[in-house]
Structure formats: C-alpha cells, structure tokens
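Biologist: Could you take a close look at one part of this model for me? I'm curious about the empty space inside, and about what surrounds that space.

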Amino acid sequence: MKALTSILLGLVAVVSAAEQINVHSPDWRLHVTLSDEGGRATYKVSYDGATVLETSRLGFVADCGDFSEGLKIKGVQHSEFADSYSVPTIKKSHVDVKANRAKVDYGKFAVLFHVSNNDVAFRYEVPVQGKETRCIRMLDEKTSFSFPADTKGFLTPQSAPMVGWKRTKPSYEEEYVLDAKLPVKSKYGRGWTFPALFCKGSHWVLLGETGTDSRYCGCRLGEFDGCSVKVEFPMAEENNGNGTREPAFALPGATPWRTITVGNSLAPVVETTIAWDVVKPKYDAKPYRYGRSTWSWILWDDASMNWRDQTAYIDFAAAMGYEFILIDAGWDTAKDIGHERMPELVKYAESKGVGVFLWYSSSGWWNDIVQSPIDTMDDPIRRKAEMRWMKSLGVKGIKVDFWGGDKQETFRLYEQVLSDADDNDIMVIFHGCTIPRGWERMYPNYVGSEAVLASENRRFSKHFCDEAGKNASIHPFIRNALGAMEYGGTFLNERMRRDNKGGHARGTTVDFELATAILFQNPVQNFALAPNNLKDAPQYAIDFMTAVPTTWDETRFIDGYPGIFAFVARRSGKTWYVAGVASVDVSYDLDLTPFGGIREHVSIKRNDGIWRVIDTTTSPYTGT
C-alpha cells in the first residue's frame, strides 16, 4: 500500500510539474527557456551559458480577462524562419535573417518567440475570445525583464508629462544615466524609456520594441523592483489627458514586438537589425531620394524665416551639392513667403537642384505651441489638402514637430501623417517625438526621428557643448542602435551664433564634428552648417562635408564604451568611412585592416574625434 501511494504521488508530481520549452539561436549560443511554473508564463535568457535575464514574467490583464495567472502551456509550434530584405534607410542596406521560432500556446493567447544569433523578439498573439468577443482593451502588461545582481544600466529617464517647452514633453530628450548599478531610481519617478542598455560582466543586453503602429501605444519601462523592471503604458496626463493610456485592437490580433539584443561585446548592439527583421512594409516603397540638407534655423534663428535668408541657404545647399533644404517653423506667416510665395521659393530651389522640406507642428490642441503652421497635420481634411498642395509644388518632405505623448491615439496620427504623405510622394521626419519602432521598413517614406537631446541643445546651453563627446559616444550603443536619429548636427561655426562671434563656443574640434556626420545614422541629414562656413571653415572640412553619404550598405562596431568613446565604421559602396569620438583623452591602437586600411596609433582628446575615408578600389589605403 505504501509503495502504491508513493507511485500515485509520483504520478501526481509528474502531471503537475511545470512545462518547460526551450528555443535557441541558429548558432546555439543564445537560449530562451519558457515555463508555466506556478500558473505564470515566464522566460529566461542565457548566452554562452551565462544567464543574462533571470526568470521574467509574461502575460497581461485585459478587459475580457486575466491572462497572467492560472496559465498552462497547451502546446508549442517550433519553426525555422528565414527572410531577406533591402531597406536603404537603415544601417545596413541588405539583410539576411535566420532565426528559430517557438509559438507557445497558453490557451487564451500565445507568445511568439523569435531567436536569432544575437537577438530575441517576442509578442503576444490573441485569438477571438469565446464566440463573440472580437476586440480587446489591454489594462496592464506583466511583461518584465529581470536582470542578475550586479547588472549596470545605461538609461534615459522618462520625463513627467506636460512639462518643458510649451508643455510638449515627454519627447525622449532627457540626459542619460550611465553605469548605474541596479536598482536605480528614475530622476522623475516615471520610469525609463526604450531603448535601454545593460551590462553584466562581459555581457551586454539592449532592450527595445518594434512594430508599434496605430493598433497599440508606445511603451516604456517602469521603476525597478530590485533588478527587475516591468513594461508600462503611457502616462494618463500625456497629450493633455486626451486619449486613453490603454491600447486596444481587434481580434484576432497581436501586440508589438519586444526586443532583446545580447552579446559578449557591444558589436551585436551596434550592428543589430532586429528592429526591422520582424516587421513588414505597410505599403509599397517608392523611389525616394535621400541625402544631405541645410537649415537656417539652427544658427540663424526664427528671424531667418524670410525670402533673403532662405534663398541664401538654398544657394549654400547648391554650392555644397546638397539634395535638400529644410524651411523651418514660421514660413507660413513670413511676410515675404507664406503659402502665397512658397511655389516661387520651391521653384527657385528646384532651379538650383535642391529639394524642399517644410516644417509643421503636429497639432495645436494638446500643447501650447504657437510656432506655425499649426492645426494642419492633426486635421484629416486640412492635412490631405495641404499634402496635395505640397505635391503640386514639388515639395520633397516634411518635418513634423512637438508630439508629446505615446498613447495609441498619437500613434494613429503618426501613421496617418506617414500614409497621407506617401500618397503624395512626400518623405517625413518627426521631431519632439517618440522613438522609431521599425518604421524605416514599415513606412518607406519615413526618414528619421529626433527623440534625443539633439543639436539645438548645444546652441541653447554651454553645458551640452561641454558634454558633446559624452553624448556622441552614447548614441551608437543605445538610441541610434534601434532606429534612425535625426540629430541635425555637425557645426562648423566656432561660436553658436549667426555671426560666428557671439554666444558660447562650440567646445569641440572640427574633426569631432566631421566624425559625427558618420557616427550618427539618418538617411536625410540636416547638417548645422551655414553659408559663412564656405569661407571660414577649413577647406578639408568643406571637402569632406560635400562628399559624406547619408545612406549606408554596412555598419561595423570597432570599439568603445558608452559615454567614454566610440569607434564605428560604415560602408557606402566600396568606400569605408570610419569615425571615432571621445569624452576623455583616449590613446588607441586603431586597426583598419578589416576595412582595407592600416594599423595606426591615434590619440584623441576630450571632445575630439577622428575620421578616416578608405577607398577600397585603391590599394592599400588612400584615406585621410
């Protein structure tokens, strides 16, 4: 009887034991383990046998039920995934994807895991619930990322809502916290933004999300509970309280992807393409032209919004061989431009071989912005008419500014602007905005987002000039790693004013400024140059800036550490462009032989940089 009891207890133990699913990368170095222990969906991530994410939660709570407790794995579908795609606006023009996938069924929903050699992506897939429930409102996500003890974070705090310039925040423009041992408290008590970088020993982990469109909201990370951090929805006060913070979508449906990039160096982080590997284009790509641009506002201010100054910048763009000019805020109310003379100005630019981008505010009803045009991009009737008008003129693109929120309602507007613009052959840059989430592949006319403490902050504050080397050596590893970054930089003025005499000093070397033209990736670059630079900047700098590309065929990490220094190589055709910047004095043995160059020893001072151009059609090295 005792033996029978033992057998029965053993059977009960077997039946009630937690189910465990394993999925690995094609090279077997990256492993994800999923479990339903305790009635909860969890996952763990290891790389080369080392745990990089401890047991972390999956699941969510919705209006139609709790999808986070009492769960049991019902089954799993394993598959191999392969894709090949070309996108001219990301860090690598052609990408081949190989991954292993596991779709884990929990009954009322499934989690699809995609695991490639250095990347994990996962999303929730929700079928129709019962017989009639064909929509779902997400109340809370339980998704978390639990790091081992002694992990360090490189993070951007989330801003409080409805603060800052004309109450336009959050806009992903806060200063980074670096080398912070977990747990760390956010400066504003509102958690942290994606992307977020972590380091444990020799292993690096970059968290992000991708595929977010009109059917979801942009998410963030909450405050740390020990070494664990949870996904959070937008704050209710964002966009002046308009719109719900809780996303909703039709069933069957799926959430965006959360991404985890892992490696034993920063190379997989800098070189990752996971943001685009798991998404698809929403409409057919057109033959858009990308390139370099000038803009008067960055140094010549609001007062430059007049016919004389804009034609001067058009002439300057033509002299530099640049493809575009950005005509910034206030053009519609300028006495000698406005809608009335814009056709003439665009025609003048065309006669010089220069295309025109026009600035717009995103709205007028969720912030206090008075810079115009306002009340156009958020109004579907006015927006469509304005787009048709721009197309009739031959306008090539728009820059839409001051968004201030991550709610689903705001993401609907992002998508509507992109879609209407594409209908009229117009490219789109966003400023004062959220981070891109796979948008280069999803929306082929999307050509960049700010979502960073960009160039204007250097003009406004000596502090940001002093911190230029630190900030530049952060972005390749975090912000720019997961999406285009329209920084609007590369100053050749020595002083941050129109006359190149007033204001504070730039604080960086010319070589630093040239290096950032390579280091910061965006397919349309609005460089912070001015017509006077043709006479007062070094000739080698002008020569470089007339030739530097803005689209790349390949990107490679060389070396670096966030906030200290960064060396990155990018290839355009058969030419390699190498850039390095530093926030401290760095002495470094730079090996350029993988790019057709030579070995050399370089010394870089604080806020200094180096750049090299290696034409591989000549041998062995013709770089500068």
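Biologist: By class, how many nonpolar, polar and charged residues does the lining of the largest cavity have?

Modeller: By class, that lining has 8 nonpolar, 3 polar and 3 charged residues. For that split, Ala, Val, Leu, Ile, Met, Phe, Trp, Tyr, Cys and Pro are nonpolar, Asp, Glu, Lys and Arg are charged, and the others, Gly among them, are polar.

Some ground rules before I go on. This is a predicted model, where local features need pLDDT of at least 70 and side-chain atom pairs count only at pLDDT 80 or more, while totals for chains, interfaces and linings use all residues. Residues are numbered from 1 along each chain as its sequence is written, and side-chain values use heavy atoms, with hydrogens and water left out.

Now the cavity itself. It holds about 100 Å³ of space, and 14 residues line it, with Thr156, Tyr172, Tyr176, Thr193 and Ala451 closest to its centre. On a 1 Å grid over the protein atoms alone, a cavity is a set of points where a 1.4 Å probe fits but cannot get out; a pocket is an open set with protein on both sides within 12 Å along at least five of seven lines, and lining residues have an atom within 4 Å of a point. Points are joined across faces, edges and corners, and a volume is the space filled by probe spheres set on them.

The count comes to 7 cavities of 30 Å³ or more. The second largest has a volume of about 70 Å³. Its lining consists of Arg458, Ala468, Asn471, Ala472, His475, Tyr487, Gly489, Thr490, Phe512, Glu513, Thr516 and Phe520. Two elements each give two or more residues to that wall: α12 (468–472) and α13 (510–519). Here helices (H or I, at least four residues) and strands (E, at least two) are DSSP runs, numbered from the N terminus. By class, the lining of the second largest cavity has 5 nonpolar, 5 polar and 2 charged residues.

Next, the open spaces. The largest pocket has a volume of about 590 Å³. It is lined by 24 residues, and Trp165, Trp297, Phe402, Glu456 and Phe460 are the ones closest to its centre. Both β25 (397–401) and α10 (455–460) supply at least two residues of this lining, and α10 gives the most, with 4. By class, the lining of the largest pocket has 8 nonpolar, 7 polar and 9 charged residues.

The second largest pocket comes in at about 430 Å³. Of its 19 lining residues, Lys92, Asn118, Asp119, Glu271 and Thr273 lie nearest the centre. The elements that give it two or more residues are β8 (94–105), α2 (267–271) and β29 (554–561), and the largest share, 4 residues, comes from β8. That wall divides into 4 nonpolar, 6 polar and 9 charged residues.

Since β8 came up, let me follow the chain out of that strand. Glycine 107 sits in the loop between β8 and β9 (110–115). With a relative accessible area of 40%, glycine 107 is partly exposed; buried means under 20%, exposed over 50%, and partly exposed in between (1.4 Å probe, protein chains only). Its C-alpha is 9.5 Å from that of valine 126, 19 residues away in sequence.

For scale, the protein chain comes to 15 helices and 34 strands. Its C-alpha trace spans about 100 × 60 × 40 Å along the principal axes, and of the 624 residues, 61% count as buried.

A few backbone details are also worth checking by eye. Most residues other than glycine have a negative phi, and most peptide bonds are trans. A cis bond joins phenylalanine 194 and proline 195, with omega about -10 degrees; proline 195 lies in the loop between β14 (177–181) and β15 (196–200). Another cis bond joins leucine 251 and proline 252, with omega about 0 degrees, and proline 252 is in the loop between β19 (248–250) and β20 (253–254).

As for positive phi, aspartate 150 has a value near 70 degrees. Aspartate 150 is in the loop between β12 (144–146) and β13 (152–155) and is partly exposed at 48% relative accessible area. Aspartate 425 has a phi near 60 degrees, also positive, in the loop between α8 (408–423) and β26 (427–430). At 35% relative accessible area, aspartate 425 is partly exposed.
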